[in-house]
Amino acid sequence: MGKEKQEIYSIAVNGTKDIERVDTERSDEGDGKEKRKRHSKKDHQKELKKDLDLDDHKLSTKELEDKYGTNIVQGLASTRVAELLAQNGPNVLTPPKESPEIIKFLKQMVGGFSSLLWAGAVLCFIAYLIEFSKDKSASMDNVYLGVVLIMVVILTGMFAYYQEAKSTNIIASFTKMIPRKAFVIRDGKKREIPAEHLVVGDIVEIKGGDQIPADIRILASQGCKVDNSSLTGESKPQSRTCHITHENPLETKNISFYSTTCLEGTATGMVINTGDRTVIGRIALLASSLGHEKTPIAIEIEHFVHIVAGVAVSIGIVFFIIAICMQYRVLDAVIFLIGIILANVPEGLVAAVTVSLSLTAKRMAKKNCLVKNLEAVETLGSTSIICSDKTGTLTQNRMTVAHLWFDKQIYQADTSENQNDQIFDQSSATWASLSKIVTLCNRAEFAPRQESVPIMKKVVMGDASEAALLKFSEVIMGDVIERRKRNRKVAEIPFNSFNKFQLSIHETEDPNDQRFLLVMKGAPERILEKCSTIMIHGQEQPLDESTAEAFQTAYMELGGLGERVLGFCHLYLPEDEFPDTYTFDVESMNFPTSDLCFVGLISLIDPPRSTVPDAVMKCRSAGIKVIMVTGDHPITAKAIARSVGIISANSETVEDIAKRLKIPVEQVNKREAKAAVVSGMELKEMSPEELDELLIYHTEIVFARTSPQQKLIIVEGCQRQDAVVAVTGDGVNDSPALKKADIGIAMGFAGSDAAKNAADMVLLDDNFSSIVTGIEEGRLIFDNLKKIIAFTLTKNIAELIPFLIFIIAGVPLPIGTMAILFIDLGTDVIPSIALAYEKAESDIMSWKPRHKKKDRLVNHQLALYSYLQIGILQSVGGFFAYFTVYAVQGFKPDRLLYLRPLWENGILNDLEDSYGQEWTKYQRKYLECTGYTAYFVAVMVQQIADVIIRKTRKNSIFQQGLFRNKYIWVGIASQIIIAVILSCGFGGIPILNFITLWVQYWFVAVPYAIVIWLYDEFRKLLIRRYPGSWWDKTMYY
Amino acid sequence: MAALQEKKTCSQRMEEFRHYCWNPDTGQMLGRTLSKWVWISLYYVAFYVVMSGLFALAIYSLMQTIDPYTPDYQDQLKSPGVTLRPDVYGERGLQIFYNVSDNTSWKDLTQTLHMFLSAYSPEAQEENINCSSGQYFIQKEFHAPNHTKFSCKFTADMLHNCSGLTDPNFGFEEGKPCFIIKMNRIVNFLPSNNNTVPRVDCTFLEKDHKDFKPLEVDYYPSNGTFSLHYFPYYGKKAQPHYSNPLVAAKFLNIPKNKEVIIVCKIIAENVSFDNPHDPYEGKVEFKLKIQK
């Protein structure tokens, strides 16, 4: 499967040849075609054909009417609608195929340890059947145990399923939030219907702000502009008309696609595709056909299950054989096997892990990371490469004034989110003029009724640059609208791509000045052409060579920062030529547009979010590579990358080095450059090997002018380096990349539903720094899961050893199976969950991300330390409690050895103890239960020490703070309370085998608990003292 | 994640495993070099030695603190258990079935009794003293040889007709079998707080045998009593030669060819026989079927 996919994607890289062969009429690089190619490879031959047949843009209105059996004026008839609806289904995207709930539920029942427990339960029933066949009055204990085991499996399965379902539901509700409506003409009447009910041939009307409800062919348009960013990643508004402008249906302006947004204007169109047959629908289908990969944590847990199951099964089998060799009955050997399996399986762990993950997921949701799949919580923590979008994620997604140039000097403007801190020199008279031009030569306006909204948050009607200038002047000079009123506009030429300038003529606010003021802004070189003078410190000076050079330098510099530069100039029209009553005619241009006075430059940029540089720094120190992938121009991309630190201040690209050394780019040693800016065109030419090389040798990479498809190639390249890749995306076209990534992150605001569906996580505030906080949480939970598992595994040995000693040394059984279950599912559950609340031991973001193949969740250090050191210590403590109970009642340890045949002999009712007292069977059984309870309590007491030592892996408990994590104490209290209840309350229930234990026995294991704690402190001390030593390597888990 | 999903062939896995077992490049066996294995083994050996030492020390000090003569706690042995000889167990508890006319069916039973009583022969009881006080034999000091306490003799002949001396067949042959009832030893246990003598009382289990005549029993020693001078028991260390007093019951009117259930209780103030969980506490119940 993996290989096949790779092939498919590689065609997208250098697939031009293929495309030409298949479809010669299409010209070049259409993104859509690459998509189609993949479809064709996916054996979607039929769909491909249909795809190629999409020629509706070439048809005339009449032909369209015929083709779809509709009428442009009257719309479809309701009867036909019903027919089509039945035939094609509703106009919705089929949600990604989910496996049925029951399958999900059953999966929880058989995965992981469940199968071991099932085996245990089956063995229980087999044991009972053997016994029953021999003796009709066989005890039901084994049946009870089997039933309990099955209940444990079912309950933990239900619990895990519930947690999983709960987190999935968050997203489900998220997608369903906005009901869509569409205006449609049917039976000659216009009405509003839910968008799902649209059918092919419907005539729909759209207006600014609407989302396009289906793929439509535009029939009529009034200044309609659409935002295709969700489809192509191109954020510039594109106009839509009813004329065919391109052969390619994706390029032509008379087709508008499902889920894109109409920004302004209105249009009428005919629905040509609905639901899954829309272009978007097809991409979404492709994305959902990419299989879900296993998350790193799932792999880790599987690995851990393998270890534990391996240990359980091998010890079980070895001792089964030993038991047979020691001439135990087969039935007994089977029962030992059950005990060994039961002791080895951490029954409560699945629940604890699930709860911990969902706690973290909740915490992350508070920090604006909504996690769809619980396991993604940890995936984020092991992320080693983030491929981030630029617009909106790293930047604020709005144009903002960044620099000004006047008086031959560059001034910097505040680009932070609230811009309240404009500190550049505003005393110059030039600024007064410039500010006037900025204010007046601007068509943008604030939308009404938002007086109470802070300026930067106000909605502006108008294009992005104008909005930026409007807000800029509003912040600095106050009421812009009032000022515009005082300087009444008498004429205006709006910006167009031919003129490349915008001009307006105003009366001045000074009542004594009867002149008109002509203000103009536009592309700097065009503005400069029209000027003959320049204003310096309020004085008009002729525009000489040196000034022009200064202008050029400034223009280049600002342009080099990736900023959009605008030039501003003005002219006071002489009063004699243009009196009060003069009528300006914009058609004939009866006013001068040359020999103006140049005032200044203002450059605009979509500035980085203020929190991003910090977040990128954090990633860097955390060893996470941040790669910017953007559709923007390389220069802009590089500038933003530099300002947020993705390219650090002192690193250079190959081009930079070439420029510095003044040698051709080809001669530069590529390895010297830390940074690289790669454009989509270059990426297209690269072989996978070259891409690998690029990703390995450059630490700071920016991909510019990339198509969303190329994102997929980049992600794949990163994954070839064994990296765990996080990808952000919002467009529908991003969804395959999101799916492909180890963790796909969709944007909550800007993201399309398809992207959210494909992603593992949704970023509610679209902010890059939220990812970083998410990573922190993910890393923390990985550490804490280690602690939880170490805590849980430890007592498994203390549960296992009694069985082994029981078999080998023939002592009465120290702990029963029920008591084991009560430790695993009773006393230990809450403390292990409490460990999930543990704070990080040190700066978690200063470590390298874990290597997904080398840094295992359960490594051999953890297993050895838990199993062979602390676990054994616990067993010793437990046995001491056990021996104590027997000794003080009359059976000294030496008497117990090999006593088992007599002890368990049901017909021996006068068994002598060390004092010569004689015990009946029942009296012995009662003592045995006292032993179980004592051993249980001893393990519980030592598990208190265990949970305390597991708070840290390296630091002393006192460095971590004993009381910082209050939940630990809740956990400890729960351990004690549960044990007390079991010992006191359930003493009377025979199958539970608990006995009310005297107070003094509760303290027998306390010295061992203290030893455990001291030993672990000693271990940690040596680890801190001698990092890198043998001890550190052997003992640090 | 093509990398994670790649399926390895079996031979690849075997190769990897071999590489794991012995890696010629780094000289690692099972993931560690030889010297590392030595080090880690040494550490674990040392760790376990220390731990065993700790455990031994703990057990040693435990043994030091407990009383060698009397168990520290006797809360679980409040009332003695009762056992029966001969003891043949069937599916549910004791059941003694035999045929009067078939020697072999009861020979084993009498053999068991002979074996059991061999510990009560005069030779076996030689170390013990004769007692006849009928009072609790309280000994505060260790006056017996080797710092022990005296035990009272109980010899088989005290069981008269059921001693096996006069009738080696213990009455089995004539359908009037002897059964020996023994009360379990408990250190420092006194059957009653005054001087009431504990005695054995055997009856048919009432609920099952309403239509029978009451069971006629001859008890040996007379009245089926355990003489008080066998109490209290001071434990194995203080009374190494102590032997439990016995009571023999000879059943005289067992209906033939019929399964009967007989319960023998010990009637004494400190002996309870109504523990629902323990069928052998203070009483012994058995099925008896004598065929003819």
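Start by selecting chain B and looking at its contacts between residues with a separation of 6 or more: 74% of them join residues 24 or more positions apart. Contact here means heavy atoms within 4.5 Å. Before going on, note that this is a predicted model, in which local features need pLDDT of at least 70 and side-chain atom pairs count only at pLDDT 80 or more, while totals for chains, interfaces and linings use all residues. Residues are numbered from 1 along each chain as its sequence is written, chains are lettered from A and ligands numbered from 1 in the order in which they are written, and side-chain values use heavy atoms, with hydrogens and water left out.

**Stop 1: chain B as a whole**

Keep chain B selected and colour by secondary structure. You should find four helices and eleven strands; helices (H or I, at least four residues) and strands (E, at least two) are DSSP runs, numbered from the N terminus. Now zoom out: the C-alpha trace spans about 90 × 55 × 35 Å along its principal axes. The radius of gyration of chain B is 31 Å, against a value near 19 Å for a compact globule of 292 residues. That radius is taken over C-alpha atoms, and the globule rule is 2.2 Å times the number of residues to the power 0.38. Of the 292 residues in chain B, 44% are buried, where buried means under 20% relative accessible area, exposed over 50%, and partly exposed in between (1.4 Å probe, protein chains only).

**Stop 2: where chain B meets chain A**

Next, show both chains and select the residues in contact across them: 53 from chain B and 58 from chain A. About 4,900 Å² is buried between the two chains, with carbon and sulfur atoms giving 61% of that area. Buried area is the accessible area (1.4 Å probe) that two parts lose on being put together, summed over both.

Turn on polar contacts, and 25 residue pairs (both at pLDDT 80 or more) link chain B and chain A. A polar contact is a pair of N or O atoms within 3.5 Å; within protein, one must be able to donate a hydrogen and the other to accept it, and residues adjacent in sequence count only if both atoms are side-chain atoms. Which elements of chain B each supply at least two residues of the side that touches chain A? They are α1 (2-5), α3 (34-65), β4 (82-85) and β6 (178-183). The largest share, 13 residues, comes from α3(B). By type, this side of chain B divides into 29 nonpolar, twelve polar and twelve charged residues; Ala, Val, Leu, Ile, Met, Phe, Trp, Tyr, Cys and Pro count as nonpolar, Asp, Glu, Lys and Arg as charged, and the others, Gly among them, as polar.

There are also six salt bridges between the chains, each being a side-chain nitrogen of Lys or Arg within 4 Å of a carboxyl oxygen of Asp or Glu. Pick K182(B) and E918(A), whose side chains meet at 2.9 Å, N to O. Then widen the selection to D910(A), E912(A), R85(B), R185(B) and K236(B), which are linked with K182(B) and E918(A) in a network of salt bridges.

**Stop 3: helix α22 of chain A**

Move to residues 634-644 of chain A, helix α22, where the buried residues are T636(A), A637(A), K638(A), A639(A), I640(A), A641(A) and V644(A). Among the elements covering them are β20 (596-605), α21 (612-621) and α23 (654-661) of chain A. Just after the helix comes G645(A), with a positive phi near 95°.

Follow the loop between α22 and α23 to T653(A), which counts as buried at 1% relative accessibility. Beyond its neighbours within four places in sequence, T653(A) is in contact with K638(A), A673(A), A675(A), A676(A) and V677(A).

**Stop 4: salt bridges within chain A**

Over all chains, the structure has 48 salt bridges. Close to your last stop in the tour, select R642(A) and D656(A), paired at 3.1 Å, N to O. R642(A) is in α22 and D656(A) in α23, so the pair ties together parts 14 residues apart in sequence. Is each partner buried or partly exposed? R642(A) is partly exposed at 31%, whereas D656(A) is buried at 18%.

Finish at helix α38 (residues 1006-1025) of chain A, where D1016(A) and R1019(A) are three residues apart, about one helical turn. Their closest N and O atoms are 2.9 Å apart. D1016(A) is buried at 0% relative accessibility, and R1019(A) is buried at 0% as well.
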